[in-house]
Amino acid sequence: MRIAVTGGTGFIGRRLVRVLLEAGHEVNLLARRPRTGLDPRISLWLWDALESEPPSEAFSGTDAVIHLSGEPLVQQWTSEIKRRIRASRVEGTRRLVAALGRLQQLPRTLISASAIGYYGDRGDELLTEDSPPGSGFLAEVCQEWEAAANEAAGLGVRVVVLRIGIVLGRDGGALARMLPIFCAGLGGRLGDGRQWMSWIHVADLVGLVHFLLEREGVRGPVNAVAPNPVSNAEFTRALGRALRRPALLCVPRWLLQVVYGEMAHILLSSQRVQPAVAEREGYAFQFPVLDLALRDLLA
Ligand SMILES: NC(=O)c1ccc[n+]([C@@H]2O[C@H](COP(=O)([O-])OP(=O)(O)OC[C@H]3O[C@@H](n4cnc5c(N)ncnc54)[C@H](OP(=O)(O)O)[C@@H]3O)[C@@H](O)[C@H]2O)c1
């Protein structure tokens, strides 16, 4: 297949592009800046989601589009950053769909990122793809982001929105940020540690995307999380154990709120998410439990 990928230079995208190439696919990469030294099977197209529509030619002849780009969420949420978080996702996705609408021949599939932030802060409630959305800034952004992607269904494209959980990998994302702190023996639970963390190993996330490319019958939301979420306290203990470091501290809620402002919501909100669609469709998780995932990532 020829597959267009946005955000293919990011933490998830880099791994995804590598796996797609290894599987024999060709990639049209949409990125904001020129790059040198790219694999010859990658064609580069310049696109800044905050500025303009992507060139339709970037999608011409493609079988599928995987849309991952977006302003990073983990930074101080000033009003300008919140504007960029929302616009890069919502406007960016609308612009992408508008460019698809100009094609004579459309790709069959659009797999568009979303996040479990869609569900808001939900305590111990078990959440599946059928659960209603939550409230708050991220939940609203996710709803608008998904609605923008779903517009492509009106063009006849199969749309899958991936509600991605906390992606664990060595070279980016939450784990890479936690490692130096835990390695120094300064790891600890956040707040009361009861908030659920729905995580996924980056290999499973990329594996699930690959699986869904071929799964023509699946459309709509898909929770991209492992089947065994854990509380933040359990996560803290598991990471301390895996690193053989004490992880006994507790970072109080107020301190996170002072240091991170509104963004602390990401660290403190609780989402106990089940991958109901992935399991129903028979996706076999390589890393269904946290200890296994951490052992692999920290080996
Ligand atoms: N990692 C996670 O745990 C996680 C969890 C839930 C959801 N997600 C979602 O999954 C997607 C990919 O995540 P990731 O961790 O791989 O993100 P990432 O490492 O931050 O990469 C995202 C890519 O988006 C592009 N980008 C960044 N800022 C942008 C902006 N203002 N406007 C347009 N494009 C911009 C960049 O590509 P170029 O510089 O090449 O343009 C960047 O490489 C994101 O939408 C993220 O919200 C991730």
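Is Arg2 buried, partly exposed or exposed at 21% relative accessibility? Arg2 counts as partly exposed, because buried would require under 20% relative accessible area. The legends below describe close-up views of a predicted model.

**View 1. The salt bridge between Arg2 and Glu26 joins two strands.** Arg2 pairs with Glu26, and their closest N and O atoms are 3.5 Å apart. Arg2 belongs to strand β1 (residues 2-6), while Glu26 belongs to strand β2 (residues 26-31). The two partners are 24 residues apart, so this bridge connects distant parts of the chain. Glu26 has a relative accessible area of 36% and is therefore partly exposed. The model has 15 salt bridges in total by the rule used here.

**View 2. Arg86, Glu140 and Glu144 form one salt-bridge network.** Arg86 and Glu144 come together with 2.5 Å between their closest N and O atoms. Because Arg86 is in helix α2 and Glu144 in helix α3, this bridge ties together parts that are 58 residues apart in sequence. The side chain of Arg86 also meets that of Glu140, at 3.9 Å from N to O. Glu140 lies in helix α3 (residues 137-150) and Arg86 in helix α2, so this pair ties together parts that are 54 residues apart in sequence. Arg86 is partly exposed at 26% relative accessibility. Glu140 is partly exposed at 39%, and Glu144 is partly exposed at 29%.

**View 3. Thr93 is a buried residue of helix α2.** Helix α2 covers residues 79-101 and includes Thr93. The relative accessibility of Thr93 is 0%, which means that Thr93 counts as buried. With neighbours within four places in sequence left aside, the contacts of Thr93 are His67, Ser88, Ser112, Trp145, Ala148 and Ala149.

**View 4. The largest nonpolar core holds 45 residues.** Ile66, Leu162, Leu208 and Leu212 have the most contacts inside this core. Helix α5 (residues 202-214) supplies the largest share, 8 residues. A separate second core has 22 residues, among them Leu175, Leu179, Met197 and Ala226. In soluble globular proteins, nonpolar side chains tend to be buried together.

**View 5. Ile66 has contacts with residues from several places in the sequence.** Apart from neighbours within four places in sequence, Ile66 touches Ile3, Ala4, Val5, Thr6, Leu16 and Leu20, among others. The remaining contacts of Ile66 are Ile111, Val209 and Leu213.

**View 6. Helix α5 is mostly covered.** Of the 13 residues in α5, 10 are buried. The buried residues are Val202, Ala203, Asp204, Leu205, Val206, Leu208, Val209, Phe211, Leu212 and Leu213. From its first C-alpha to its last, α5 reaches 19 Å, close to the 18 Å expected at 1.5 Å a residue.

**View 7. A nonpolar patch on the surface includes residues of helix α7.** Trp254, Leu255, Val258, Val259 and Tyr260 make this patch, with an area of about 490 Å². Val259 is placed in helix α7, which runs over residues 253-260. The relative accessible area of Val259 is 41%, so Val259 is partly exposed. This value satisfies the accessibility cut-off for patch residues, because that cut-off is over 30%.

How values were computed:
Residues numbered from 1 in each chain as written. Predicted model: local features only at pLDDT ≥ 70, side-chain atom pairs only at ≥ 80, totals over all residues. Heavy atoms only, no water. Patch = residues over 30% accessible without salt bridge, like charges linked within 9 Å, V, L, I, M, F, W, Y side chains within 5 Å. Areas by Shrake-Rupley, 256 points an atom, 1.4 Å probe, with all protein chains shown as cover. Salt bridge = Lys/Arg side-chain N within 4 Å of Asp/Glu carboxyl O. Helix = DSSP H or I, 4+ residues; strand = E, 2+ residues; numbered from the N terminus. Buried < 20%, exposed > 50% of the residue type's maximum accessible area, 1.4 Å probe, protein only. Core = buried A, V, L, I, M, F, W, Y, C linked by side-chain atoms within 4.5 Å. Contact = heavy atoms within 4.5 Å. Expected span 1.5 Å × (residues − 1).
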